[in-house]
Amino acid sequence: MSAAASDQQFMARALELARKGLYSTHPNPRVGCVIVRDGQIVGEGWHARAGEPHAEVHALRQAGARAQGATAYVTLEPCSHHGRTPPCADALVAAGVARVVAAMQDPNPEVSGKGLLRLMHAGIAVHSGVLEAEARVLNAGFIKRMEHGLPFVRVKLAMSLDGRTAMASGESQWITGPEARSAVQRLRARASAILTGADTVLTDQARLTVRPDELGLGAELTALAVTRPPLRVLVDGRLRVPLSAPFYQTGPALVATCAAAAARDRFLGDGHELLAVPGSNGHVDLRKLLMELAGRGANEVLVEAGPRLAGAFARAGLVDEYQLFVAPKFLGSSARPLLDWPLARMAEAQELEIREIRAVGADWRIIAVPKRPV
């Protein structure tokens, strides 16, 4: 096997380990590490939770003295600064590794390039860019937050084959089957925040919680996921949802509103936070809200909302990815549309690139991303 093929093989294993942190590392990135000596893996590790040891530390502990002269494969540039844990670059130097292969540089300005430089100054051979595309997909939210000050926005939509999301009355449970709903639970569990609107909460009595028994992740990952529930965010520009609604009875929530701050104490008294966000005509400025969430460490935001709010995100160009669950049924022409987004001409149509189409039980999941202007 060539050196390049060997590097890819071991980095693929490091990425596999990193994916174990999909549901628990927020606000940190998901990182995996493999220590290899004489062509054999002698240590493995992955980052599980913020404040706990990083992937490199776990792998070095497992490798012990065998790390001396070995190669470390890491899915993200080892950190070089003191955060809640010591620098991983220093740990690799102290262990005596001879070579470090990173999938990509860390987009965090506090680290970017500095970790690799620290290793090089210690005489360690460094190589970066192995399976970088895969590493960037895994941490798309962390990268976007670091580079643009915004979280990665994923909009989940469930629809019939004729593109409808609910009956004219608002009835929508259930369009899709249990397998699709389980997939949505996993989307919720991986998100830093789940965002919805007043219409959805009022019509569906939505709670937007993560239900452990529906995750289908196995005991270890389920246990990690439930220790870090996503922040539930309600966009309620005019404070139409009463505090007696089921949404407020299942844990703390952040309420983004344009209404007067006089109600803040009332919400705080019930364990919730009222966030005043600028807007117009009672509509919250969604970009400013996303910037606020990024400032709180949100890497990925899952939007589960009705046609109006989902359409508002689409119109504002704030959507990074659509996950559409399509049920094999028709709801008819009077049912509600997928997005409230009136377009007059074909030239105004939003073009999408379909990344994946997969059967999920009796339904289909389509993952698509907006095509950005060149």
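## Salt bridges, a helix face and the cysteines

Lys371 and Glu351 pair up in a salt bridge, with their closest N and O atoms 3.9 Å apart. Lys371 sits in the segment after strand S18 (363-370) and Glu351 in the loop between strand S16 (336-337) and strand S17 (352-360), so the pair ties together parts that are 20 residues apart in sequence. Please keep in mind that this is a predicted model.

The count comes to 23 salt bridges, and three of them are set out here with the relative accessible area of each partner.

| Salt bridge | N to O distance | Basic partner | Acidic partner |
|---|---|---|---|
| Lys371 with Glu351 | 3.9 Å | Lys371, 46%, partly exposed | Glu351, 51%, exposed |
| Arg13 with Glu16 | 3.3 Å | Arg13, 24%, partly exposed | Glu16, 45%, partly exposed |
| Arg154 with Glu300 | 3.1 Å | Arg154, 7%, buried | Glu300, 4%, buried |

Arg13 and Glu16 are three residues apart in helix H1 (residues 3-18), separated by about one helical turn. Arg154 belongs to strand S6 (residues 152-160) and Glu300 to strand S14 (residues 300-303), so their bridge links parts 146 residues apart in sequence. Salt bridges with shared partners also join Arg30, Arg154, Arg190, Glu300 and Glu321 into one network.

Now to helix H11 (residues 286-295), whose buried residues are Leu286, Leu289, Leu290, Leu293 and Ala294. Viewed down the axis of H11, these fall within an arc of 140 degrees, so they line one face of the helix. Asp285 caps the N-terminal end of H11, with a side-chain oxygen 3.1 Å from the backbone nitrogen of Arg287. Just after H11, Gly297 adopts a positive phi of about 95 degrees.

And the cysteines? The structure holds zero disulfides. Cys88 is buried at 1% relative accessibility, and its sulfur is 3.8 Å from the closest cysteine sulfur, in Cys79, too far for a bond.

Technical notes: Residues are numbered from 1 along each chain as its sequence is written. This is a predicted model: local features need pLDDT of at least 70, side-chain atom pairs count only at pLDDT 80 or more; totals for chains, interfaces and linings use all residues. Side-chain values use heavy atoms; hydrogens and water are left out. Buried means under 20% relative accessible area, exposed over 50%, partly exposed in between (1.4 Å probe, protein chains only). Helices (H or I, at least four residues) and strands (E, at least two) are DSSP runs, numbered from the N terminus. The arc is that of the directions from the helix axis to the C-beta atoms. A polar contact is a pair of N or O atoms within 3.5 Å; within protein, one must be able to donate a hydrogen and the other to accept it, and residues adjacent in sequence count only if both atoms are side-chain atoms. A disulfide is a pair of cysteine sulfur atoms within 2.5 Å. A salt bridge is a side-chain nitrogen of Lys or Arg within 4 Å of a carboxyl oxygen of Asp or Glu.
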